Amino acid sequence: MQTVFRADQGDVTAVDEVSFQIKLGETIGIVGESGCGKSVTSLSIMRLLGKEGRIQQGEIWFNGANLTELSEADLRKLRGKEIAMIFQEPMTSLNPVFTIGNQLIETIRLHMKLNRKESKAYAIQMLTKVGISRPEAILKEYPHTLSGGMRQRVMIAIALACKPKLLIADEPTTALDVTVQAQILRLMKQLREESGAAIMLITHDLGIVAEMADKVIVMYAGQIVEEADVFSIFEKPLHPYTQGLLQSIPGTENNDNNRLFGIPGSVPSIQRMPQGCRFHSRCEYATEKCIHEQPTLKTIKPNHQVKCWLY
Amino acid sequence: MLPYIVRRLLIAIPVLIGITILNFCIVNLAPGNPVDMFIDPNTPQQLVEAKKEMLGLNDPLIIQYFKWLWQLLQGGFGYSFSSFAPVTHIIGERIGPTLMLTSISLTLGLLIAIPIGILSAVKQNTRFDYIITGLSFIWTSMPQFFLGLGLIYLFALHFKILPTGGMLTIGGDDNFADRIKHLILPVSVLTIAIIGKKIRYVRASMLDVLKQDYLRTARAKGLHAFIVTNKHALRNALIPIITVFGMEIPLLLGGSIIIEQIFQWPGIGQLTMQSILSRDYPTLMGLNFIAAIIVLATNLFMDILYFVADPRVKYN
């Protein structure tokens with residue numbers, strides 16, 4: 001798939017040559033720095049790219065339907081029902097002027113054939129499921145009276161209400177503090193086991209990936225640079241970028257004045273993508289070849305692919 | 001909520017008294033006095049002085065003020081210096097026509113500006129949006145007297161289909177069609193001025209809301225674009241729009257001096273102008289007092305509306 005956005009200077013490609021599969025019951029972690037195209041990938045699946053964005057090339061198949069060719073009306077039937085999404089910012093993802101009940105029941109009534117009373121009962125059931133005590137009172141509350149963790153629980157309840165087959169979680173715990181993070185992750189795990197949904201987990205926190213994911217995709221500058229099962233990634237990361245990401249996790253073992261490792265430089269701007277390997281300017285192994293030719297995704301062993309000239 | 005309203009009303013009393021003191025000073029600072037305005041210049045000085053004495057204009061300012069305040073406490077604004085009729089009576093006669101003119105204009109303005117502003121924001125950077133923002137810019141910048149005179153020239157003098165002014169055809173039948181005919185031009189000028197300004201506010205407010213995360217959530221739920229815009233976005237965009245339309249409410253009762261003057265509309269605006277010219281202090285003070293009450297009431301009303309529209313607003 002390739003996703004481009006219209007800009008003043010012409011089209012810019014935000015996501016390019018991204019291709020992956022996700023099965024029911026599987027959790028796939030998508031990692032990378034900010035600006036790597038993780039969120040654009042997920043919004044492409046939802047076809048929520050806005051007026052300026054479009055999928056230029058490629059196909060997205062979901063349950064036998066090509067999402068890139070579906071009409072807006074057919075997409076609306078999928079959104080919120082078959083494919084649901086949790087966003088990064090629980091503080092701003094709920095509408096401030098409607099009650100929690102209003103926003104939760106809205107989804108339920110839209111996609112499920114329930115009457116007013118049944119939907120309310122179901123909403124209470126969903127809130128209880130995501131660990132909210134006194135769900136009946138919470139239904140009448142406005143978002144601003146809830147904490148970030150509570151709001152994210154509500155978002156999860158909304159997302160899971162219609163039992164989606166695919167749940168896209170775009171940095172669901174980034175804005176939360178660590179203890180709440182753990183609670184939300186535990187909740188997502190538990191709900192995954194109950195529903196058997198596929199989860200696409202977008203994060204830049206490798207700890208969360210290790211905890212949750214079966215398969216990992218590492219994205220850099222709008223492309224997939226490495227794809228492997230979670231064990232291979234942590235045992236033997238191949239791409240220098242993945243290695244860098246793993247080294248920059250702050251550890252507690254050797255904290256004797258060691259400086260935290262960081263990958264030098266920053267992600268190139270999408271308007272000025274370098275020729276050759278997009279990572280070459282930040283890579284310590286870069287050769288002449290890396291500067292001029294772009295590597296392709298190469299299969300090193302089953303379930304492990306990497307886009308690098310080293311292999 | 002009720003204790004809050006009571007407290008606000010109590011605070012309004014000293015504010016109102018302060019406003020009347022300021023108004024009284026400003027009105028009296030204007031050069032000239034009522035007697036000079038309506039008396040024949042050849043009248044002997046003695047008679048002028050006698051008249052001044054009779055109207056109480058020779059008293060110190062502070063005494064005059066307290067006399068006025070005493071009248072107010074007894075429920076009146078005194079008598080006009082020019083027509084000698086009770087001020088409450090004069091204002092009462094004028095308020096009907098003003099209300100008719102301004103309430104129609106404000107309602108039309110709301111009904112036109114809000115949907116067009118929303119559409120303009122939703123279709124941002126399209127031809128429709130460019131045309132609307134262009135028109136609203138022209139309508140905002142055009143002086144009301146210019147537009148008013150232009151319309152009079154076009155529709156009253158050139159095409160001869162509408163009257164040049166007034167509220168009724170003199171000597172004609174007082175019927176509904178005749179009233180409508182007289183209303184069209186002044187209402188058009190006021191409405192165009194209102195929508196010119198308000199479209200820009202509605203559009204800006206809507207554009208701001210359309211960027212918010214919760215609208216992406218609403219779309220991700222599978223809601224129709226119409227519901228996303230008109231339920232989720234509009235409810236949020238309305239909050240700042242309340243202020244902007246609230247600011248027009250004083251116009252409702254205060255009238256528009258320029259429009260009423262151009263179209264000889266027998267309303268409050270015209271009365272204000274006449275009272276200023278004849279230095280009719282009691283009428284002016286009455287008009288100012290009513291204006292002050294309207295502004296204070298509008299502020300309170302808008303705060304209550306905020307409370308209704310935005311659940312995050314709390315009163316302590």
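**Exercise 1. Determine which element contributes the most residues to the lining of the largest cavity in this predicted model, and describe that lining.**

Solution. Begin with the contributions by element: α7(A) gives the most to the lining of the largest cavity, namely three residues. Next, place this helix among its companions, since β7 (83–86) and α7 (148–160) of chain A, together with α9 of chain B, each supply at least two residues of that lining. The residues themselves can then be listed: from chain A they are G80(A), A84(A), M85(A), M155(A), I158(A) and A159(A), and from chain B they are T217(B), A220(B) and K221(B). Sorted by class, this lining has six nonpolar, two polar and one charged residues. The space in the largest cavity comes to about 70 Å³, and a search of the whole structure finds five cavities of 30 Å³ or more.

**Exercise 2. Characterise the second largest cavity by its volume, its lining residues and the elements behind them.**

Solution. The volume is the starting point, with about 50 Å³ of space in the second largest cavity. Its lining consists of I86(A), I156(A), L160(A), L167(A), M188(A), L191(A), R192(A), S195(A), A197(A) and I199(A). Passing from residues to elements, those that give two or more residues to this lining are α7 and α8 (178–195) of chain A, and α8(A) gives the most, with four residues. A final sorting by class yields eight nonpolar, one polar and one charged residues.

**Exercise 3. Describe the largest pocket, and establish which elements of chains A and B line it.**

Solution. The largest pocket has a volume of about 1400 Å³. Its lining counts 47 residues, of which the closest to the centre are L48(A), L49(A), G50(A), K51(A) and R219(B). The elements that give two or more residues to this lining are, in chain A, α1 (38–46), β4 (53–57) and α2 (72–78), and, in chain B, α5 (87–122), α8 (176–210), α9 (213–220) and α10 (225–246). Among the contributors, β4(A) gives the most, with five residues. The division by class is 18 nonpolar, 16 polar and 13 charged residues.

**Exercise 4. Carry out the corresponding description for the second largest pocket.**

Solution. About 520 Å³ of space lies in the second largest pocket. Of the 20 residues in its lining, F20(A), I22(A), I60(A), W61(A) and F62(A) are the closest to its centre. At the level of elements, α1, β5 (61–62) and β9 (198–203) of chain A each supply at least two lining residues. By class, the lining has 13 nonpolar, four polar and three charged residues.

**Exercise 5. Work out the strand order of the open three-stranded sheet in chain A, and explain why β2 and β4 stand at its edges.**

Solution. The order of the strands is β2-β1-β4 in chain A, with antiparallel pairing. From this order, β2 (10–15) and β4 each have a single partner strand and stand at the edges, so one side of each is left without a neighbour in the sheet. From one strand to the next, the twist averages 40 degrees. Looking into one pairing, strand β1 (residues 2–7) of chain A and β4(A) are joined in the antiparallel sense over four bridges, and V4(A) stands opposite R54(A) in β4(A).

**Exercise 6. Decide whether Q64(B) is buried or exposed, and identify a backbone oxygen that its side chain reaches.**

Solution. First locate the residue: Q64(B) lies in helix α4 (residues 61–73) of chain B. Its relative accessibility is 12%, and because buried means under 20%, Q64(B) counts as buried. The side chain of Q64(B) reaches the backbone oxygen of D59(B) at 2.9 Å.

**Exercise 7. For E17(A) and N303(A), give the value of phi, the loop and the exposure class.**

Solution. The background is that most residues other than glycine have a negative phi. Phi of E17(A) is near 55 degrees, a positive value in a residue other than glycine, and E17(A) is found in the loop between β2 and β3 (27–31) of chain A. With 45% relative accessibility, E17(A) counts as partly exposed. Phi of N303(A) is likewise positive, near 65 degrees, and N303(A) has its place in the loop between β12 (298–301) and β13 (304–306) of chain A. With 59% relative accessibility, where exposed means over 50%, N303(A) counts as exposed.

Definitions and conventions:
Residues numbered from 1 in each chain as written. Chains lettered and ligands numbered in written order. Predicted model: local features only at pLDDT ≥ 70, side-chain atom pairs only at ≥ 80, totals over all residues. Heavy atoms only, no water. 1 Å grid on protein atoms, 1.4 Å probe; cavity = no way out; pocket = protein on both sides within 12 Å on 5 of 7 lines; lining within 4 Å. Points joined across faces, edges and corners; volume = space filled by probe spheres on them. Nonpolar A, V, L, I, M, F, W, Y, C, P; charged D, E, K, R; others polar. Pairing = 2+ DSSP bridges. Axes fitted to C-alpha atoms, helices over the stretch in contact; angles between N-to-C directions. Buried < 20%, exposed > 50% of the residue type's maximum accessible area, 1.4 Å probe, protein only. Polar contact = N/O pair within 3.5 Å; in protein donor to acceptor, adjacent residues only side chain to side chain.
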